[in-house]
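The exercises below ask you to read contacts and symmetry from a set of coordinates. Please work through each task before turning to its solution.

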Number of protein chains: 4
Amino acid sequence: MIIQLDFESEKPIYQQLTEQIIEGIAKGDLQCGESLPSVRSMAADIGINLHTVNKSYQQLKAGGYIVIHRRKGVVVNPEGPPATDHAFRENLQESLRPYIAESFCRGLSQEEFQQFVSSIYRDMKGED
Amino acid sequence: MIIQLDFESEKPIYQQLTEQIIEGIAKGDLQCGESLPSVRSMAADIGINLHTVNKSYQQLKAGGYIVIHRRKGVVVNPEGPPATDHAFRENLQESLRPYIAESFCRGLSQEEFQQFVSSIYRDMKGED
Amino acid sequence: MIIQLDFESEKPIYQQLTEQIIEGIAKGDLQCGESLPSVRSMAADIGINLHTVNKSYQQLKAGGYIVIHRRKGVVVNPEGPPATDHAFRENLQESLRPYIAESFCRGLSQEEFQQFVSSIYRDMKGED
Amino acid sequence: MIIQLDFESEKPIYQQLTEQIIEGIAKGDLQCGESLPSVRSMAADIGINLHTVNKSYQQLKAGGYIVIHRRKGVVVNPEGPPATDHAFRENLQESLRPYIAESFCRGLSQEEFQQFVSSIYRDMKGED
DNA sequence: GTGGTCTAGACCACC
DNA sequence: GTGGTCTAGACCACA
């Protein structure tokens, strides 16, 4: 799996990494139980600082996406990430709100917005 | 129009303010051509520094949401913000992607996601 | 002669007014010796503050474009504005410099720049 | 590269700085990809506040002249600033207009004006 | 160490 | 009164 970072983005590198790994899991590029490179080798591979990778891994661990074994190293959570719960739904809606407000103001129709969502969902389900 | 800020949030205050004003415009709480409080009075009202308000206003001005008028002060852009363009669509899709990836991983169905979107869109169109 | 002000511009109103009057003189819309509305009536005509018009007139007077008679009111300097001198040349070159630097950076050829200048000069000489 | 500021000028300091950096890029004193001092060290070097430098840098970033890189710090945009577009041409012509009107009024010939332009363009192309 | 954010207080140009 | 500019000093997230 290839990681593409944008060092000029406002988005922190560790978060870009986190998101790409989650997307990798969503798309099935990373299977449950599959192992991830160690912090060290990941850092070396993509040429970033150790701490940055570590921060990302901690984030993924907190989110239940990966588990960090002392022996087996880093593996994608074999049981998959925890199911959507109430808190997640709440957060999601709050996060979506500003995007939709802006879209609405700028005349992007609900239909087109939904198409974007569908298209990305399709991308995840993947004809991969 | 009431502004609600969360000073504990990671989201910068000026951005919270920006988003709330955009939402206000979307919902029609702020009509096009209506004037906004001066940076000073807005700052006093919500108990933050005037520079923070100013930063938000500059952001809104750059986005075409408001206009800084030599005589009328700060007013909601009477012509409304610029219509959705290609760049906006691109950005939006890129922004949505991580939310959808995460939702997908956590088993949130596309249908439920779409319902969230619909619900927020309804909120904007507003039975207000 | 019609004055067009942009109240949303960053450029101060008094300066917009000054520039438009100078342009009027350049184009011959305002002939030397012709009289201009009084501060009061000009202010009323274009719907701005008295002081703003006054500031503009003072500027034009300082530049030798107009003379303010106690009796005859405001008239375009019958002898025309003072000829270009060394100071003016210096200032002009210093003012032009940033525009040219930016144009150069962004790949605007000298030829095209010169064409812009020619075109505006033609506009002044006027097929009016 | 040496920065020369005029603290007495009406022109804001941050804008003087911006213009000098653009000129530096135009003249080739600052090569594409070259890095600029951090806001802090630049501020210390020229004896101004770091926020003032920051404002200038933000302006340059918005104009595509520089890029704020997560690791390399502030660097001159390796791809150069965006090419001249329609909006830029329009703005440029509008900006030039008052200078030319004034020059015309004061009897500065088009030829001499063009010589100034040529001379500055030469300065940029630089026999450096 | 970097840039980003926030605050506080000041002066000025403009209207 | 307004917004725009500048300074000073602080904290934090990031790498």
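**Exercise 1.** In this predicted model, determine what share of the atoms of DNA strand E within 4 Å of the protein belongs to sugar or phosphate, and which residues around the strand come nearest.

*Solution.* Begin with the strand: of its atoms within 4 Å of the protein, 72% belong to sugar or phosphate, while the rest belong to bases. Turning next to the protein, one finds 22 residues around DNA strand E, of which B:I13, B:Y14, B:H51, B:T52 and C:K55 come nearest. Sorted by class, the residues of this surface comprise nine nonpolar, eight polar and five charged.

**Exercise 2.** Find the distances from polar side-chain atoms of B:K55, C:K55 and D:S38 to phosphate oxygens of DNA strand E, and then list the elements that give two or more residues to the surface near the strand.

*Solution.* For C:K55, a polar side-chain atom lies 2.6 Å from a phosphate oxygen of DNA strand E, and for B:K55 the distance from a side-chain N or O atom to a phosphate oxygen of the strand is 2.7 Å. In the case of D:S38, a polar side-chain atom is placed 3.1 Å from a phosphate oxygen of the strand. The elements that give two or more residues to this surface come from three chains: chain B and chain C each supply α1 (13-27) and α3 (50-62), whereas chain D supplies α2 (39-46) and α3 (50-62).

**Exercise 3.** Describe the interface of chain D and chain C by its contact residues, its buried area and its polar pairs, and state which element gives the most to the side of chain D.

*Solution.* First count the residues: 44 from chain D and 45 from chain C take part in the contact. The two chains bury about 4,700 Å² between them, and 65% of this area is on carbon and sulfur atoms. Next come the polar terms, with six salt bridges between chain D and chain C, one of which joins the side chains of C:E112 and D:R89 at an N to O distance of 2.4 Å. The number of residue pairs in polar contact across this interface, both at pLDDT 80 or more, is 22. On the side of chain D that touches chain C, α1 (13-27), α4 (86-105) and α5 (110-125) each supply at least two residues, and α4(D) gives the most, with 15 residues. By class, that side holds 23 nonpolar, nine polar and twelve charged residues.

**Exercise 4.** What rotation and what shift along its axis superpose chain D on chain C, and which C-alpha of chain D is nearest the axis?

*Solution.* The superposition takes a rotation of 180° with 0.0 Å of shift along the axis, and it leaves an RMSD of 0.3 Å. That is the relation of a two-fold axis. In chain D, the C-alpha of D:Q114 is nearest this axis, at 3.4 Å from it. The same surface serves both copies, since 100% of the contact residues of chain D recur in chain C.

**Exercise 5.** Which residues of chain A lose the most area to chain B, and how many salt bridges are found across their interface?

*Solution.* The contact here involves 45 residues of chain A and 44 residues of chain B, and the buried area is about 4,700 Å². In chain A, the most area is lost by A:R97, A:R106 and A:Y121, which together account for 17% of what that side buries. Six salt bridges are found across this interface, including the one between B:E112 and A:R89, whose closest N and O atoms are 2.4 Å apart.

Definitions and conventions
Residues are numbered from 1 along each chain as its sequence is written. Chains are lettered from A and ligands numbered from 1 in the order in which they are written. This is a predicted model: local features need pLDDT of at least 70, side-chain atom pairs count only at pLDDT 80 or more; totals for chains, interfaces and linings use all residues. Side-chain values use heavy atoms; hydrogens and water are left out. A residue is near a molecule or strand if one of its heavy atoms lies within 4 Å of it. A polar contact is a pair of N or O atoms within 3.5 Å; within protein, one must be able to donate a hydrogen and the other to accept it, and residues adjacent in sequence count only if both atoms are side-chain atoms. Helices (H or I, at least four residues) and strands (E, at least two) are DSSP runs, numbered from the N terminus. Ala, Val, Leu, Ile, Met, Phe, Trp, Tyr, Cys and Pro count as nonpolar, Asp, Glu, Lys and Arg as charged, and the others, Gly among them, as polar. Contact means heavy atoms within 4.5 Å. Buried area is the accessible area (1.4 Å probe) that two parts lose on being put together, summed over both. A salt bridge is a side-chain nitrogen of Lys or Arg within 4 Å of a carboxyl oxygen of Asp or Glu. Copies are superposed by least squares on the C-alpha atoms of residues with pLDDT of at least 70 in both.
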